Amino acid sequence: MSTENEGKSEGTQVPPAPSAPPVPVESPSASPQAPAPDAGAPTTPLPAAPAQAPEAGHASAGAPEGHWPPPTAPQGAPAPVDGDWPPPAAPQAAPAPQGAPAAADDWPNPAPVTPVYADAGAGTHAYGTPGSADVAAGGPGAVGGPGGPGGPGGTVWGASYQQPAPKSGRGRGGLVAAVLVAALVAGGLGGGLGYTLAKNDDDTGSTTVSASTNGGDVKRDPGTVAGVAAKALPSTVTIEAESSSGEGGTGTGFVFDTQGHIVTNNHVVADAVDGGKVTATFPDGKKYDAEVVGHAQGYDVAVIKLKNAPSNLKPLTLGDSDKVAVGDSTIAIGAPFGLSNTVTTGIISAKNRPVASSDGTSSAASYMSALQTDASINPGNSGGPLLDASGNVIGINSAIQSTGSGGLGGTTQSGSIGLGFAIPINQARYVAQQLIKTGEPVYAKIGASVSLADSTGGAKITDTAEGGASAVETGGPADQAGLKPGDVIVKLDDMVIDSGPTLIGEIWTHQPGDKVTITYERDGKSHTVDLTLGSRKGDS
């Protein structure tokens, strides 16, 4: 387990009038050769007369009423001879191959080439170290690791268009003119409407509809992460601690009271305890010198006080860590790798997680029954607040488990893998208050040394304490309860104890004078005893 020693519109074009395809004409006879046109004949030929003779007394369809014979014969047809009716039709020219250009003066024009987009049959479109420690807390000890188009019967796209024969009284010129007028009207409407819309929407001439630039006021409820962060950030600080030799790192702290006390981790300020320098910088950039008021190495809690503290400090509200449940939302604030005022979120992953950590300056360890969170915590987050969804402080971020930490007391900085640990605020509050009052920590104890070796069977009381002293303190709580060397403590109240570090961490969640129930095993038999926790001052 490691701790971090922080460390334009152009209008609408009018579409051209569609060209009318030619009318197929059947002629009963064809002259083998058409005589030269009369000099006075019009340059544009009239449509060929219908093959059937008109009824008696009626003018030919398409000929002007009351005018006969026509002023001139159609170009390409011989002049009518007296008695000849109907006049001989001009030979019908063979249609040009599909896709070949028509002569400029040819009429009728050949039908335009239309691509076929569908397969008539398919109907588809082709688009492309073991040791011992006095659980009295403070005794030194080694720590040992913790049917559609193209279908049959359907219309094939691109099929030749057959123009129906003009009805009586209406010539081709009238049809084309009507189509052209309709096209002009439609084009004019489209162009005018497009221009009007464009002009009204954007004076620059663009027809693009612009999105609104006003999304409305953004309101963040107090219970949102953003709301909690906005309230808590002004009361957090980035701490820089430096020893007299210039060594140090960066961590985090938060405002504990209006007098300028800031709570943080012991390992954040450990380098500056003896003649070092400490500064605290708020999110608004204001920086203050500070001094270490007290520190508790075993608890990994420290308190610093701002020099010339501002009068508008707002302490963070402290929650109740005993009421926290697994799955509760968490918000961590800190300065990971020096990136001040960083906010991360997660949940409570576990409670009462036994954690032993070190500040890297000695072999002594810190023990806690921690809150585990998956909120991203990295070197520099240490000492920062772990908040609940309402913005109450429920813990102090203290340690992380990392695959590259180099082990207990290692100096390699590693990133978060989602295993972060925080000191429960109920414990930290008590420690901080003691440090402010006396400058020294007060630890609860049972007065017995237990093995710190890895174990899953409980916390075994050693035969002797460090330095050869008795493992059970004479007259201490354990002694009065009848505990002896070799006894294995397996429960403290309802908490299962699987190792020495677990027992120490759990004892330290209590205060001196608290009564607890100890369950232990001796010679294969289970025993239960009540005892009152003692106390010890200082880290020595």
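Q: How do you know that the length of helix 4 agrees with its number of residues?
A: Helix 4 covers residues 425-438, which makes 14 residues, and at 1.5 Å a residue they should span 20 Å. The rule behind that figure is 1.5 Å times one less than the number of residues. The end C-alpha atoms are 20 Å apart, so the two values agree. As for helices and strands themselves, they are DSSP runs numbered from the N terminus: H or I of at least four residues for a helix, E of at least two for a strand.

Q: What kind of model is this, and which residues and atoms count?
A: It's a predicted model, where local features need pLDDT of at least 70 and side-chain atom pairs pLDDT 80 or more, while totals for chains, interfaces and linings use all residues. Residues are numbered from 1 along each chain as its sequence is written, and side-chain values use heavy atoms, leaving out hydrogens and water.

Q: Which residues of helix 4 are buried, and what follows the helix?
A: Ile425, Gln427, Ala428, Tyr430, Val431, Ala432, Gln434 and Leu435 are the buried ones. Buried means under 20% relative accessible area, exposed means over 50%, and partly exposed is in between, using a 1.4 Å probe and protein chains only. Right after helix 4 comes Gly439, with a positive phi near 80°.

Q: Why is Thr344 called buried?
A: Thr344 has 17% relative accessibility, and that is under the cut-off, so it counts as buried. This residue belongs to strand 10, residues 342-357.

Q: What is Thr344 in contact with, apart from its neighbours within four places in sequence?
A: Its partners are Thr330, Ile331, Ala332, Ala375 and Ser376, where contact means heavy atoms within 4.5 Å. With Ser376 there's a polar side to it: a polar atom of the Thr344 side chain lies 2.9 Å from the backbone oxygen of Ser376.

Q: Why is Ser340 called partly exposed?
A: Its relative accessibility is 34%, which is neither under 20% nor over 50%, so Ser340 lands in between. You'll find Ser340 in the loop between strand 9 (329-334) and strand 10.

Q: What makes the link between the side chains of Ser340 and Thr238 a polar contact?
A: The distance is 2.9 Å. A polar contact is a pair of N or O atoms within 3.5 Å; within protein, one must be able to donate a hydrogen and the other to accept it, and residues adjacent in sequence count only if both atoms are side-chain atoms. Since 2.9 Å is within 3.5 Å, the pair qualifies.

Q: Which side chains join His267 in polar contacts?
A: Asp300 is joined to His267 at 2.9 Å, and Ser382 is joined to His267 at 2.9 Å too. His267 lies in helix 3, residues 266-269, and its relative accessible area is 1%, so it's buried.

Q: What makes strand 3 largely enclosed by the rest of the structure?
A: Five of its seven residues (236-242) are buried, so the strand is largely enclosed.

Q: How do you know that strand 3 pairs with strand 4 and strand 6?
A: Pairing takes at least two bridges found by DSSP. Strand 3 and strand 4 (residues 248-255) have seven, in the antiparallel sense, and one of them matches Glu240 with Thr250. Strand 3 and strand 6 (residues 277-281) have five, also antiparallel, with Ile239 partnered by Ala280. The hairpin of strand 3 and strand 4 has five residues between the strands, and Gly246 there takes a positive phi near 95°.

Q: Why is the aromatic pair of Phe282 and Tyr288 called edge-to-face?
A: Rings of Phe, Tyr and Trp (its six-membered ring) pair if their centres lie within 6.5 Å; planes under 30 degrees apart count as stacked, over 60 as edge-to-face and the rest as tilted. Phe282 and Tyr288 are 5.7 Å centre to centre with 85° between the planes, so they pair, and edge-to-face is the right label.

Q: Why is the pair of Tyr299 and Tyr443 called stacked?
A: Their ring centres are 4.4 Å apart and their planes at 15°, so the pair is stacked. Tyr299 sits in the loop between strand 7 (287-296) and strand 8 (301-306), Tyr443 sits in strand 15 (residues 442-445), and the two are 144 residues apart. Tyr299 has 1% relative accessibility and counts as buried; Tyr443, at 1%, is buried as well. Ring pairs link Tyr299, Tyr367, Tyr443 and Trp508 into a cluster.
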